[in-house]
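Trainee: I would love a close look at one part of this protein, with its surroundings explained step by step. Could you start from a single spot and work outwards?

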Amino acid sequence: MSRIGKQPIAIPPKVKVEVKGQSVHVEGPKGKLNWELPKRTSLKVVNGQVVVSREGEDSQAKALHGLSRALINNMVKGVSDGFVKKLEIQGVGFKAAVAGKTVNMSLGYSHPIIYDIPDQIKVTVEENTKLTVEGPDKMLVGKVASELRSFYPPEPYKGKGVRYVGEHVQRKEGKTVQ
């Protein structure tokens, strides 16, 4: 058995899990998510717990079993608690602002960078340099944070750029005059 796949997922209060064929719908206070199960896995809701099972004992079935359980667990956690990624901008004159459903970033280029925020994702800016990306879908929160970071990744000489909070950037020594 897959060690991850065989663990049941506890459903917290205020969260509803529905299974219709191979599609899973999870609804909670933070939002709604749905996902299509892979062909060789199945899902049952028993006694307030979600149990994922598989057909077959080959390596692909085992891999899909653990993957399905992990993704459904992330869906349940997301609609009940939500996921958060924090970014910080370092650099003189670098800043960000949120206007409606767009993030406007000034990162030292000749033009401002405008990024459209997807549905179900909330981006907030504090002190013009601290961004917080929140939402129920773990993959989408990570994708948005990664795309915001990709506009100006931290560079190794001065450390300027957009980075995750707590990210360590390996610094390099510049050229020296002899």
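Mentor: Let's begin with Ser23, which is in contact with Glu18, Trp35 and Glu36 once neighbours within four places in sequence are left aside. Keep in mind that this is a predicted model. Ser23 belongs to strand 3, which covers residues 23-28. Is Ser23 buried or exposed? Its relative accessible area is 13%, and because buried means under 20%, Ser23 counts as buried. Within strand 3, the side chain of Ser23 makes a polar contact of 3.5 Å with the side chain of His25.

Trp35, one of the contacts of Ser23, leads us to the next stop. Trp35 is among the residues that line the largest pocket, together with Leu33, Asn34, Leu71, Asn74, Met75, Pro136, Asp137, Lys138 and Met139. Which elements give two or more residues to this lining? They are strand 4 (31-36), helix 1 (59-80) and helix 2 (138-150). The pocket has a volume of about 150 Å³. Sorted by class, its lining holds six nonpolar residues, two polar ones and two charged ones.

Now let's follow helix 1 to two of its residues. Gly78 sits in this helix, and with a relative accessibility of 0% it counts as buried. Beyond its sequence neighbours within four places, Gly78 is in contact with Lys30, Phe83 and Pro136. You have already met Pro136 as a lining residue of the pocket. To get a feeling for distance along the helix, take Leu64 and Gly78: they are 14 residues apart along the chain, and their C-alpha atoms are separated by 21 Å.

Ser80 is placed in helix 1 as well. A relative accessible area of 19% makes Ser80 buried, because the cut-off is under 20%. What lies 3.0 Å from a polar atom of the Ser80 side chain? It is the backbone oxygen of Val76. Leaving aside neighbours within four places in sequence, Ser80 is in contact with Pro12, Val15, Pro29 and Lys30. Lys30 therefore turns up beside Gly78 and beside Ser80, where both residues are buried.

Helix 2, another contributor to the pocket lining, takes us to the interior. The largest nonpolar core has 21 residues, and those that touch the most other members are Ile89, Val103, Met105, Leu107, Leu131, Val133 and Leu148. Two or more residues of this core come from each of strand 7 (83-90), strand 9 (102-106), strand 10 (113-116), strand 12 (130-135) and helix 2. Helix 2 gives the most, with four residues. Leu148 shows how these pieces meet: beyond neighbours up to four places away in sequence, it is in contact with Leu87, Val103, Met105, Tyr115, Leu131, Val133 and Val162. Apart from this core lies another one of 15 residues, including Ile9, Leu33, Leu43 and Val76. Two of these names should ring a bell: Leu33 lines the pocket, and Val76 has the backbone oxygen beside Ser80.

Finally, let's visit some loops. Arg40 is in the loop between strand 4 and strand 5 (41-46). With a relative accessibility of 25%, Arg40 counts as partly exposed. Its side chain is joined to that of Asp58 by a polar contact of 2.4 Å. Not counting residues up to four places away in sequence, Arg40 touches Ser53, Arg54, Glu55, Gly56, Asp58, Gln60 and Ala61. From C-alpha to C-alpha, Arg40 is 9.8 Å from Gln22, with their positions 18 residues apart in sequence.

Two other loop residues stand out for their backbone angle. Lys14, in the loop between strand 1 (9-10) and strand 2 (16-20), has a positive phi of about 70° although it is not a glycine. Glu127, in the loop between strand 11 (122-126) and strand 12, has a positive phi of about 55° and is not a glycine either. Are they buried or exposed? Lys14 is exposed, with a relative accessible area of 73%, and Glu127 counts as exposed at 60%. Exposed means over 50%, so each value clears that cut-off.

Definitions and conventions: Residues are numbered from 1 along each chain as its sequence is written. This is a predicted model: local features need pLDDT of at least 70, side-chain atom pairs count only at pLDDT 80 or more; totals for chains, interfaces and linings use all residues. Side-chain values use heavy atoms; hydrogens and water are left out. On a 1 Å grid over the protein atoms alone, a cavity is a set of points where a 1.4 Å probe fits but cannot get out, and a pocket is an open set with protein on both sides within 12 Å along at least five of seven lines; lining residues have an atom within 4 Å of a point. Grid points are joined across faces, edges and corners, and a volume is the space filled by probe spheres set on the points. Ala, Val, Leu, Ile, Met, Phe, Trp, Tyr, Cys and Pro count as nonpolar, Asp, Glu, Lys and Arg as charged, and the others, Gly among them, as polar. Buried means under 20% relative accessible area, exposed over 50%, partly exposed in between (1.4 Å probe, protein chains only). A polar contact is a pair of N or O atoms within 3.5 Å; within protein, one must be able to donate a hydrogen and the other to accept it, and residues adjacent in sequence count only if both atoms are side-chain atoms. Contact means heavy atoms within 4.5 Å. A nonpolar core is a set of buried Ala, Val, Leu, Ile, Met, Phe, Trp, Tyr and Cys residues joined through side-chain atoms within 4.5 Å.
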